[in-house]
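Colleague: I've got a new structure open and I'm not sure how to read it. Could you walk me through it, starting with the contacts between charged side chains?

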Amino acid sequence: MANTTAVYARIDNGLKENAENILNQLGISPSSAIQMFYSQIVLTRGLPLNLQLPPAKPTAIDSMSRAELDAELTKGMESLSSGKTYTADEVDAELHKEFGI
């Protein structure tokens with residue numbers, strides 16, 4: 001066996017359990033997964049992950065929970081109460097700027 005060393009990291013318990021459950025289903029030990037990750041860092045000379053924000057998309061009402069929808073409606077009512085309103089043209093311009101639509 002090659003000369004080895006220990007790597008210690010503190011991570012959230014739930015994250016660890018979920019990840020190890022998936023690794024177990026794949027037949028890969030946590031140590032092997034970390035070895036693979038480090039090997040890919042060396043091979044790619046960087047993190048082998050696509051680190052970027054997902055493209056912005058407007059949220060569809062049907063994908064919201066009842067609590068999320070209620071929170072959005074409450075924000076809208078508070079905006080109306082405080083006199084903060086937008087014209088249709090302003091809304092269209094903001095949608096185009098933020099989402100390209």
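Modeller: Sure. Keep in mind that this is a predicted model. A search of the whole structure turns up four salt bridges.

Colleague: How do I recognise a salt bridge, and which residue does Glu-20 meet in one?

Modeller: Look for a side-chain nitrogen of Lys or Arg within 4 Å of a carboxyl oxygen of Asp or Glu. Here Glu-20 pairs with Lys-16, at 3.2 Å from N to O.

Colleague: Why are Glu-20 and Lys-16 about one helical turn apart?

Modeller: Because they sit four residues apart in helix 1, which covers residues 13-26. As for cover, Glu-20 is partly exposed, with 30% relative accessibility, and Lys-16 is partly exposed too, at 38%.

Colleague: What about helix 3, then? Which residue forms a salt bridge with Arg-66?

Modeller: That's Asp-70, with the closest N and O atoms 3.4 Å apart. Both belong to helix 3 and are four residues apart, about one turn of the helix. Helix 3 also holds Lys-75 and Glu-72, three residues apart, whose side chains meet in a salt bridge at 3.0 Å, N to O.

Colleague: Is Arg-66 buried or exposed? And how does Asp-70 come out?

Modeller: The cut-off for exposed is over 50% relative accessible area. Arg-66 has 65%, so it counts as exposed. Asp-70 has 33%, so it is partly exposed. In the other pair, Lys-75 is partly exposed at 47%, and Glu-72 is partly exposed at 38%.

Colleague: How do I check the length of helix 3?

Modeller: Compare its span with what you'd expect at 1.5 Å a residue. Helix 3 has 16 residues and reaches 22 Å from its first C-alpha to its last, close to the expected 22 Å. Just after helix 3 comes Gly-83, with a positive phi of about 85°.

Colleague: Which residue other than glycine has a positive phi?

Modeller: Arg-45 does, with phi near 55°. You'll find Arg-45 in the loop between helix 2 (30-44) and helix 3 (66-81). Arg-45 is exposed, at 79% relative accessibility.

Colleague: Now the whole chain: how many helices and strands does it have?

Modeller: Four helices and zero strands. For overall shape, compare the radius of gyration with that of a compact globule: for 101 residues that would be near 13 Å, but this chain has 23 Å. Its C-alpha atoms fill a box of roughly 70 × 30 × 25 Å along the principal axes.

Colleague: And how much of the chain is buried?

Modeller: Just 2% of the 101 residues count as buried.

Conventions:
Residues are numbered from 1 along each chain as its sequence is written. This is a predicted model: local features need pLDDT of at least 70, side-chain atom pairs count only at pLDDT 80 or more; totals for chains, interfaces and linings use all residues. Side-chain values use heavy atoms; hydrogens and water are left out. Helices (H or I, at least four residues) and strands (E, at least two) are DSSP runs, numbered from the N terminus. The radius of gyration is taken over C-alpha atoms; the globule rule is 2.2 Å times the number of residues to the power 0.38. Buried means under 20% relative accessible area, exposed over 50%, partly exposed in between (1.4 Å probe, protein chains only). The expected span of a helix is 1.5 Å times one less than its number of residues.
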